[in-house]
Amino acid sequence: MLHKTEHAKLRQQQRGITDQHVDLVLKYGLTFRQKDEKKGSAWILCFSKKMKKKIEKENNKLKNLWKVYLLVEGGCIKTVAYRHKKIKGLVHQKKMIWV
């Protein structure tokens with residue numbers, strides 16, 4: 001598992017996202033590269049909408065799991081959040097192994 005910053009730990013607690021959520025995103029999530037001229041670049045890990053039914057069927061106790069995403073930069077998780085709208089500026093990458 002990747003190291004979490006204090007900010008990520010705080011946000012995870014505030015948003016009610018469990019370590020189990022984070023592990024599943026790291027294991028099964030899609031990897032995107034987010035490029036921003038001012039902020040540099042980071043990795044976004046999230047589930048696709050196509051996986052929603054499969055995820056919720058297999059993990060029916062974990063609500064809104066498919067909306068969880070992680071922002072990874074420099075080998076550590078910078079923040080953990082829920083998606084409310086499309087994340088702009090993403091470039092899909094081949095499957096990467098994070099765990």
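**Exercise 1.** How many bridges join strand S4 (residues 68-73) to S5, and do these strands run parallel or antiparallel?

*Solution.* Begin with the status of the coordinates: this is a predicted model, in which the protein averages a pLDDT of 81, with 81% of the residues scoring at least 70. Next, pair the strands, which shows that S4 and S5 are joined by six bridges and run antiparallel. One partnership can be traced by hand, since Val68 has Tyr82 in S5 as its bridge partner. Finally, inspect the connection, where two residues lie between S4 and S5 to give a hairpin, and where Gly74 in the turn has a positive phi of about 65°.

**Exercise 2.** Determine which further strand pairs with S5, and establish whether S5 is enclosed or open.

*Solution.* First, place the strand in the overall order of elements, which from the N terminus on reads β-α-α-β-β-α-β-β-β, a total of three helices and six strands. Then look towards the N terminus, where strand S1 (residues 3-4) is joined to S5 by two bridges, the two strands running parallel; in this pairing, Lys4 has Ile77 in S5 as its bridge partner. S5 is thus bridged to S1 in parallel and to S4 in antiparallel fashion. Lastly, consider burial: because five of the seven residues of strand S5 (residues 76-82) are buried, this strand is largely enclosed by the rest of the structure. For the protein as a whole, 40% of the 99 residues count as buried.

**Exercise 3.** Describe the surroundings of Thr79, and decide whether this residue is buried or exposed.

*Solution.* Locate the residue first: Thr79 belongs to strand S5. Its relative accessibility is 16%, and because buried means under 20%, Thr79 counts as buried. Now list what Thr79 touches, leaving aside residues up to four places away in sequence: the set consists of His7, Ala8, Arg11, Arg15, Tyr69, Leu70 and Leu71. Among these neighbours, His7 deserves a separate step, since a polar contact of 3.5 Å joins its side chain to that of Thr79.

**Exercise 4.** Identify where confidence is highest and lowest, and find what share of the contacts spans long sequence separations.

*Solution.* Compare the elements by mean pLDDT: helix H1 (residues 6-15) is highest at 95, whereas strand S6 (residues 90-92) is lowest at 66. Then restrict the contacts in the protein to those with a separation of 6 or more, of which 59% come from residues 24 or more positions apart. To complete the description, note that the accessible surface comes to about 7,000 Å², with 52% of it belonging to carbon and sulfur atoms.

Conventions. Residues numbered from 1 in each chain as written. Predicted model: local features only at pLDDT ≥ 70, side-chain atom pairs only at ≥ 80, totals over all residues. Heavy atoms only, no water. Helix = DSSP H or I, 4+ residues; strand = E, 2+ residues; numbered from the N terminus. Buried < 20%, exposed > 50% of the residue type's maximum accessible area, 1.4 Å probe, protein only. Contact = heavy atoms within 4.5 Å. Areas by Shrake-Rupley, 256 points an atom, 1.4 Å probe, with all protein chains shown as cover. pLDDT = per-residue confidence, 0-100. Pairing = 2+ DSSP bridges. Polar contact = N/O pair within 3.5 Å; in protein donor to acceptor, adjacent residues only side chain to side chain.
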